[in-house]
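Student: I am new to this structure. Please take me through one part of it closely, and then show me where that part sits in the whole.

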Amino acid sequence: MKIKNICCIGAGYVGGPTMAVIAQKCPEINVTVVDINEQRIAAWNDEDVENIPIYEPGLSEVVKEARDRNLFFSTDVDSAIDKADMIFISVNTPTKTYGIGKGMAADLKYIELCARQIARVSKSDKIVVEKSTLPVRTAEALKNILDNTGNNVNYQILSNPEFLAEGTAVDDLVNPDRVLIGGDIDTPEGKEAVEALVDVYAHWVSRERLLTTNVWSSELSKLTANAFLAQRVSSINAMSELCEKTGADVNEVSKAVGMDSRIGSKFLKSSVGFGGSCFQKDILNLVYISKSFGLHEVADYWEQVILMNDHQKRRFAAKIVQTLFNTVSGKKIALLGWAFKKDTNDTRESAAIYVADYLLNEQAELVVYDPKVKAEQIYADLDYLNSRSSEGNRARVKVVSKPYEATKDSHAVAVLTEWDEFKELDWQKVYDEMLKPAFLFDGRRLLERETKEAIGFEFYAIGS
Ligand code: NAI
């Protein structure tokens, strides 16, 4: 079966880049990305391709090449579903904020709404692909809804979790370590559906990197991958605290450990803590699933990864307060970076939000500079925590468009995102314009200690 029309529901950080690359690599397939968020779709369609809603290196070029050729963005969800042979569901699956499983389980209401809409609209057989990260066995629920509320058309459900990392999304999509496709491989129809998706990726991914499994393994592999990645960060962060007490240097430890080929060097960088929309929510989801099967030791094991991460963010903020003579009340502190990592404008679960909140509770005055994050986003992130009124956040947090505006007259500077440009700042100028003693807190191990101390900074870096 050859796929001619793809629809993707959800034009976010995953749906947008993923479909742009599929469209670029498969010019004979029509790809329509739909979303209920009109503003987001309008931005994807913006004449100036630099205004697309998601910043990722290389993405605007891909969109430029494929848009209006075989890549379309639309709010007309029904007609895209109707036309498609294959429908990707790439909607958000946040942590539940209400009811049973509040604060842990994945909220599947957006997924269910998609399933019901697909069932209502479809008049021909469809392959439905779970692209969103979902609890293991969600495909069963999808199938149930599709089969029982639909128009008697046949559905095959595949799981095709996305492993891209924000900041390197286009590269990861073009050269993936592997593409995982789970399907009902015990039936001929299931096999055929899996093959249809394999054929799409085979346009640019070599066959040995296309991994096919049963649906449940595929769903669980995504949660496992994120849990393992986050676990490495929490493990090295746990060591960073011990390094600070013992005279060891976490970078040296990490290098020595990472050169062991059994361990490997990636994801062993100590920092103020991991963020991003996925790690925390997916681990909480794993913890919830484990608990629901009565696997309390498994649940506790993975929950510790989150607890360590929360500790690391708090510890960094507390270190600032403690170092500034135990009070930051009324002091100006410059935060460099708000995105959860460099090369993205995504701020979801960014460590910066929590560090800022902690410092605001201590009555600090914050000035934030981030090269890609807009002021409204920063205020929205703080407002979402509900720690103080929206006016309170606006009164005490200033967002500026130049780094030196943030650092001038500040008591302390904290680096919270590892943007390359922070390495290149004129640190002498920063120092000269700050109040003294000039404190510099490196939450990302981005800056070189020797040169900063030589300038005169009181320098603190996580893990040494
Ligand atoms: P996002 O929040 O950026 O995008 C989701 C989009 O779906 C939103 O624009 C929303 O308006 C739209 N949507 C929700 N319900 C809809 C409906 N019924 N009809 C049409 N549109 C609807 O989320 P993001 O980051 O793209 O994540 C999507 C999924 O991919 C999540 O399950 C996430 O866990 C997973 N994922 C995310 C990664 C990331 O780096 N952000 C990486 C790998 C997986």
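Tutor: Start with strand E14, residues 458-461, in this predicted model. Its side chains alternate. Phe459 and Ala461 point to one face, and both are buried. Glu458 and Tyr460 point to the other face, and neither is buried.

Now look at the partner of E14. Strand E13, residues 439-442, runs parallel to E14. Four bridges join the two strands. One pairing to find by eye is Phe439 with Glu458, its bridge partner in E14. The connection between the strands has a helix in it. E13, helix H19 (residues 449-455) and E14 make a right-handed β-α-β unit.

Next, step far away from this unit. Asp76 lies in the loop between strand E3 (71-74) and helix H4 (77-83). Asp76 has 12 other C-beta atoms within 10 Å, so it is exposed; the cut-off for exposed is 12 or fewer. Compare its place with that of Phe439 in E13. Asp76 and Phe439 are 363 residues apart in sequence. In space, their C-alpha atoms are 53 Å apart.

Helix H13, residues 351-361, makes a good contrast with that loop residue. H13 is mostly covered, with eight of its 11 residues buried. Its buried residues include a run from Ala351 through Ala352, Ile353, Tyr354 and Val355 to Ala356. Leu359 and Leu360 are buried too. Just after H13 comes Gln363, which takes a positive phi of about 70°.

Then there is the ligand. It is surrounded by 27 residues. The closest are Gly10, Gly12, Tyr13, Val14 and Ser132. Helix H5, residues 109-121, gives the largest share of this shell, three residues. By class, the shell has 13 nonpolar, 10 polar and four charged residues.

Finally, the whole chain. It has 19 helices and 14 strands. Its radius of gyration is 24 Å, close to the 23 Å that the globule rule gives for 464 residues, so the chain is as compact as a globular protein of that length. The C-alpha trace spans about 70 × 50 × 45 Å along its principal axes. Of the 464 residues, 46% count as buried. Take the contacts between residues at least 6 apart in sequence: 75% of them join residues at least 24 apart.

Technical notes. Residues are numbered from 1 along each chain as its sequence is written. This is a predicted model: local features need pLDDT of at least 70, side-chain atom pairs count only at pLDDT 80 or more; totals for chains, interfaces and linings use all residues. The radius of gyration is taken over C-alpha atoms; the globule rule is 2.2 Å times the number of residues to the power 0.38. A residue is buried if 20 or more other C-beta atoms lie within 10 Å of its own, exposed if 12 or fewer, and partly exposed in between; C-beta atoms are placed from the backbone. Two residues are in contact if their C-beta atoms, placed from the backbone, lie within 7 Å. Two strands pair if DSSP finds at least two bridges between them. A crossover is right-handed if, with the strands pointing away from the viewer, the path from the first strand over the helix to the second runs clockwise. A residue is near a molecule or strand if its C-beta atom, placed from the backbone, lies within 6 Å of it. Ala, Val, Leu, Ile, Met, Phe, Trp, Tyr, Cys and Pro count as nonpolar, Asp, Glu, Lys and Arg as charged, and the others, Gly among them, as polar.
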